[in-house]
There are 2 protein chains.
Amino acid sequence: MRAVFQHELSTVQDTLVDISARVLDAVRDATTAFNTADIRLADGVIAGDANIDALAIELDELSLEILTRQGPMARDFRVVVSALRMSAMLERMGDLARHIAQLARRRYPAKVAATAELQDVFIEMSAQVIRVAELLNRLLRTQDLALADELIAQDDEIDLLHRRVFAVVLGPDWAGEAEHTVDVTLASRFFERFGDQAVAVARKVQYLATGEWAPGHPPAGVSARGSSR
Amino acid sequence: MRAVFQHELSTVQDTLVDISARVLDAVRDATTAFNTADIRLADGVIAGDANIDALAIELDELSLEILTRQGPMARDFRVVVSALRMSAMLERMGDLARHIAQLARRRYPAKVAATAELQDVFIEMSAQVIRVAELLNRLLRTQDLALADELIAQDDEIDLLHRRVFAVVLGPDWAGEAEHTVDVTLASRFFERFGDQAVAVARKVQYLATGEWAPGHPPAGVSARGSSR
């Protein structure tokens with residue numbers, strides 16, 4: 001009986017890893033579409049988001065199955081409940097990748113980042129969200145907590161770039177039309193939120209491993225660090 | 001034994017109602033702060049968001065306690081798992097109210113909506129997000145599914161206003177500075193996402209009552225309807 005649960009729990013884990021791998025692909029394609037105005041990639045991300053959502057549903061159902069049996073221990077429940085939270089966060093990361101692709105699609109054949117300076121910032125930001133998604137996938141796969149620290153540090157870089165986007169848009173040299181301002185504002189926020197959600201998942205993994213939240217980082221979602229911009 | 005679980009399940013339900021009441025207060029104060037540049041109200045919302053987060057944590061812990069006992073039936077598990085998802089969505093609604101308050105705070109003593117036309121749109125949008133939060137609170141309290149339909153219809157109105165904001169900002173008469181464009185873009189998105197999250201919770205309630213998702217509305221979060229703007 002116990003062995004069955006262990007097997008089911010590792011299926012939950014595998015599904016999380018699978019979702020995170022798809023989120024990684026999605027953000028890689030979405031940012032490429034964003035930076036190079038590649039509409040084919042953008043459409044792929046937009047269509048593929050449904051698969052991520054479907055996997056999250058699968059994980060819900062599997063969790064329910066595990067919970068409704070008699071066998072699991074208290075710790076297993078904690079794992080399952082945490083997995084449900086993590087899959088919701090990963091699913092939101094998939095949404096954010098889709099939003100980035102949708103911006104690219106709407107602006108096609110032009111690029112969303114209207115100036116050379118912003119293009120550079122967004123290329124750097126793209127590399128960093130991809131890196132964060134890679135670290136998250138490896139963290140979920142290996143449970144190596146050093147990767148969580150690395151991910152959190154990487155997210156700080158994204159926040160810096162996010163602020164740089166606003167410095168450009170609100171700076172004296174910005175001559176963009178309102179449409180550019182709108183798109184760049186939203187895009188930068190999508191990148192920043194993507195990083196924040198990854199951090200929230202990483203903290204869940206830390207919590208599960210150590211049984212404790214890092215100081216100032218409660219379990220309920222992603223919010224404590226969220227800025228209004 | 002069964003009676004104990006019933007009692008605990010109703011505590012979960014009460015906590016959801018409590019969180020939704022606090023989200024209602026938060027969005028009421030945040031939108032008032034936003035529309036009238038009231039910094040005292042804005043600060044109250046920003047500080048109070050921690051209480052919403054704390055309640056969501058409490059609900060997590062309570063759910064875990066329920067799950068780790070032997071007694072609950074399959075349906076109870078579904079209720080508990082759904083409650084966890086709903087509390088995450090409500091917590092995010094609290095975040096969005098906080099983001100609105102933070103925009104008001106940053107722009108103080110000026111108003112965020114820079115023109116009379118936008119002020120009118122945001123006043124209307126504020127009334128509608130408050131209405132949505134009220135409906136959600138009543139829905140969770142009474143489980144009256146007619147309220148879910150009403151809420152979903154109300155959210156469609158918010159989406160229309162959200163598009164109107166963009167029509168203004170991207171229209172020929174818009175003379176706002178980039179800073180105004182940025183703030184108005186983000187504000188409108190926060191209102192729109194607030195409505196979307198409320199719809200996601202409402203669909204969870206429908207699902208729990210009927211055992212079925214509305215066509216095209218999967219359980220995994222909030223994303224299917226999300227736009228990139």
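Here are a few exercises on this predicted model, each with a worked solution.

Some housekeeping: the model is predicted, so local features need pLDDT of at least 70 and side-chain atom pairs count only at pLDDT 80 or more, while totals for chains, interfaces and linings use all residues. Residues are numbered from 1 along each chain as its sequence is written, chains are lettered from A and ligands numbered from 1 in the order in which they are written, and side-chain values use heavy atoms, with hydrogens and water left out.

**Exercise 1. Chain A at a glance**

Work out which elements chain A has, and what percentage of its residues is buried.

Solution. Start with the elements, taken as DSSP runs numbered from the N terminus (helices are H or I, at least four residues; strands are E, at least two). Chain A has 6 helices and 0 strands, and reading from the N terminus gives α-α-α-α-α-α. Next, burial: buried means under 20% relative accessible area, exposed means over 50%, and partly exposed lies in between, with a 1.4 Å probe and protein chains only. On that scale, 59% of the 229 residues in chain A are buried. Last, take contacts, meaning heavy atoms within 4.5 Å. Among those in chain A between residues at least 6 apart in sequence, 82% join residues at least 24 apart.

**Exercise 2. Into the core**

Find the residues that touch the most other members of the largest nonpolar core.

Solution. A nonpolar core is a set of buried Ala, Val, Leu, Ile, Met, Phe, Trp, Tyr and Cys residues joined through side-chain atoms within 4.5 Å. The largest one here holds 156 residues, and the ones touching the most other members are Phe122(A), Leu136(A), Phe122(B) and Leu136(B). Zoom in on Leu136(A): leaving aside neighbours within four places in sequence, its contacts are Leu90(A), Met93(A), Leu151(A), Ala198(A), Val201(A) and Ala202(A). As background, nonpolar side chains tend to be buried together in soluble globular proteins.

**Exercise 3. Two helices meet**

Describe how α6(A) packs against α6(B).

Solution. Geometry first: the angle is about 55 degrees and the axes are 9 Å apart. Axes are lines fitted to C-alpha atoms, for helices over the stretch in contact, and angles run from 0 to 180 degrees between N-to-C directions. So α6(A) is oblique to α6(B); the cut-offs are under 35 degrees for roughly parallel, over 145 for roughly antiparallel, 65 to 115 for roughly perpendicular, and oblique for the rest. The crossing is right-handed, a label used when the near helix is turned clockwise from the far one by less than a right angle (anticlockwise is left-handed).

Now the residues. On α6(A) the contact is made by Ala178(A), Thr181(A), Val182(A), Thr185(A), Leu186(A), Arg189(A) and Phe190(A). On α6(B) it is made by Ala178(B), Thr181(B), Val182(B), Thr185(B), Leu186(B), Arg189(B) and Phe190(B). They split into 8 nonpolar, 4 polar and 2 charged. Here Ala, Val, Leu, Ile, Met, Phe, Trp, Tyr, Cys and Pro count as nonpolar, Asp, Glu, Lys and Arg as charged, and the others, Gly among them, as polar.

**Exercise 4. Backbone oddities**

Locate the cis peptide bonds at Pro109(A) and Pro109(B), then check the phi of Ala37(B) and Gln143(B).

Solution. The reference point is that most residues other than glycine have a negative phi, and most peptide bonds are trans. Tyr108(A) and Pro109(A) are joined by a cis bond with omega about 5 degrees, and Pro109(A) sits in the loop between α3 (74-107) and α4 (116-142) of chain A. In chain B, the Tyr108(B) to Pro109(B) bond is cis with omega near 5 degrees, and Pro109(B) is in the loop between α3 and α4.

On to phi. Ala37(B) has a positive value of about 55 degrees, lies in the loop between α1 (2-36) and α2, and is buried at 13% relative accessibility. Gln143(B) has a positive phi of about 60 degrees, lies in the loop between α4 and α5 (145-169), and is partly exposed at 37%.

**Exercise 5. A buried acid**

Asp60(B): buried or exposed, and what does it touch?

Solution. Asp60(B) lies in helix α2 (residues 39-68) of chain B. Its relative accessible area is 5%, so Asp60(B) is buried. Beyond neighbours within four places in sequence, Asp60(B) is in contact with Arg85(A), Leu84(B) and Ser87(B).
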